[in-house]
Amino acid sequence: MNKDYYALIMAGGVGSRFWPVSRTEYPKQFIDFFGVGKTLIQSTYDRFLKICPPENIFIVTNEIYVDLVKEQLPQLSENQILAEPLLRNTAPCIAYGSLKIAELNPNSTIVVAPSDHTIGNMDEFVRSIEQSLDAASKNDCLITLGIKPNRPDTGYGYIQHTDYVLNTDTDLHKVKTFTEKPNLELAKSFIQSGDFLWNAGIFIWSSKAILKAFEKHLPDMYEIFNVGRAELNTGGEKEFINNAYFQCTNISIDFGIMEKAENVYVLPADFGWSDLGTWASIYEMAEKDYVGNAVIPSEQVIMFDSSNCMVNVPKDKLVILQGLHDYIVVENNNMLMVCPRNEEQRVKEFVAEVKSRFGNKFI
């Protein structure tokens, strides 16, 4: 296992798309959605144990979730948990993590990944990451993974690539354009063209390459973190980071660097990836019975004349459902959500309305 390979896992999201199971104080990365005995962040951590040494895996999260990270990943040292004092999107957390790792090992090559994705084919995932890490360690390039699309999905960003490859030993294609979530007609045209991939939000680069990119494309942010780099991995890190974050703009790594840099490459990949953005995506990934019902857990859920439903309830809750077809049924802390699977946007609107009226009390 290469001691110069590092993983930076982003686990700071506070999304409420999986309400009422996921809430502000307990977001989706800390939940076991599939009843497998591991939460999403634990599964993500375990994946990267196959790629880099355990001491080289770092978690960046909001400071309000540090105790949750420690509880679910007790094997981490204090220095492996990076606490953000406030939300500032992905560019600041990647600048923080990359500089911290570079101070530990100037020859480091880093994979940056969200904590809340699922992977179906582990061997193919490891192969794709290791190929990208090897290429990034030898070349001044920024690599992102692109998922081969199987449908014109409007919920994902898209990456268009050219036929130019980094070298003949890899399948890394030079990126032409990034497109945020398109409308359906545009998504269909992307699929038909054959040179578009879904943006998985997984990045690979050497610490030298990404810090050079920050210096060029986000110089103010680079200087904010670079001025205190000697404080990183010391007792002065927390105070420095707290001050630094309040100076940072709220910007994504895609918009701040990836869409501007000229040395960006994409590796087309197909390893059963899902970003689990909706209950419908949980349904797609979950095991189903012979009539299409995905029930998690299934011990005390009884269903009559029902099909193609997604049911997620506490283990000790007796639930009897009859005559439901293509529905999502979710209950947690005596909060119940029932909606058609094809109308999940209504839930998002409802949650936004509750939040505007009551703040985070129920969200």
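**Figure 1. Two cavities of 30 Å³ or more lie in the structure.** The model shown here is predicted. One cavity, the largest, has a volume of about 50 Å³. The second largest has a volume of about 30 Å³. As background, rolling a probe the size of a water molecule over the atoms shows where empty space is left. The next views take each cavity in turn.

**Figure 2. Nine named residues surround the largest cavity: Thr 44, Arg 47, Phe 48, Ala 113, Pro 114, His 117, Ile 119, Phe 125 and Ile 202.** Helix 1 covers residues 40-49, and strand 4 covers residues 109-114. Each of these two elements supplies at least two residues of the lining. Helix 1 gives the largest share, three residues.

**Figure 3. The lining of the largest cavity, sorted by class, has six nonpolar, two polar and one charged residues.** Phe 48, Pro 114 and Ile 202 are among the residues that line this cavity. Arg 47 is also part of the lining, and so is His 117. The space they border has a volume of about 50 Å³.

**Figure 4. The second largest cavity is lined by Ala 95, Leu 99, Leu 211, Phe 214, Tyr 222, Phe 225 and Asn 226.** Helix 3 (90-104), helix 6 (207-217) and helix 7 (219-226) each give two or more residues to this lining. The largest share, three residues, comes from helix 7. By class, six residues of the lining are nonpolar and one is polar. None is charged. The cavity itself has a volume of about 30 Å³.

**Figure 5. Four strands form an open sheet in the order 12-14-16-17.** The pairing is mixed. Strand 12 (294-296) lies at one edge and strand 17 (335-340) at the other. Each edge strand pairs on one side only. From one strand to the next, the twist averages 5°. In general, strands of a sheet pair through backbone hydrogen bonds, either parallel or antiparallel.

**Figure 6. Strands 12 and 14 run parallel, joined by three bridges.** Strand 14 spans residues 310-312. Its partner here, strand 12, is an edge strand of the sheet and spans residues 294-296. Look for Val 295: this residue stands opposite Val 311 in strand 14.

Key: Residues are numbered from 1 along each chain as its sequence is written. This is a predicted model: local features need pLDDT of at least 70, side-chain atom pairs count only at pLDDT 80 or more; totals for chains, interfaces and linings use all residues. Side-chain values use heavy atoms; hydrogens and water are left out. Two strands pair if DSSP finds at least two bridges between them. Axes are lines fitted to C-alpha atoms, for helices over the stretch in contact, and angles run from 0 to 180 degrees between N-to-C directions. On a 1 Å grid over the protein atoms alone, a cavity is a set of points where a 1.4 Å probe fits but cannot get out, and a pocket is an open set with protein on both sides within 12 Å along at least five of seven lines; lining residues have an atom within 4 Å of a point. Grid points are joined across faces, edges and corners, and a volume is the space filled by probe spheres set on the points. Ala, Val, Leu, Ile, Met, Phe, Trp, Tyr, Cys and Pro count as nonpolar, Asp, Glu, Lys and Arg as charged, and the others, Gly among them, as polar.
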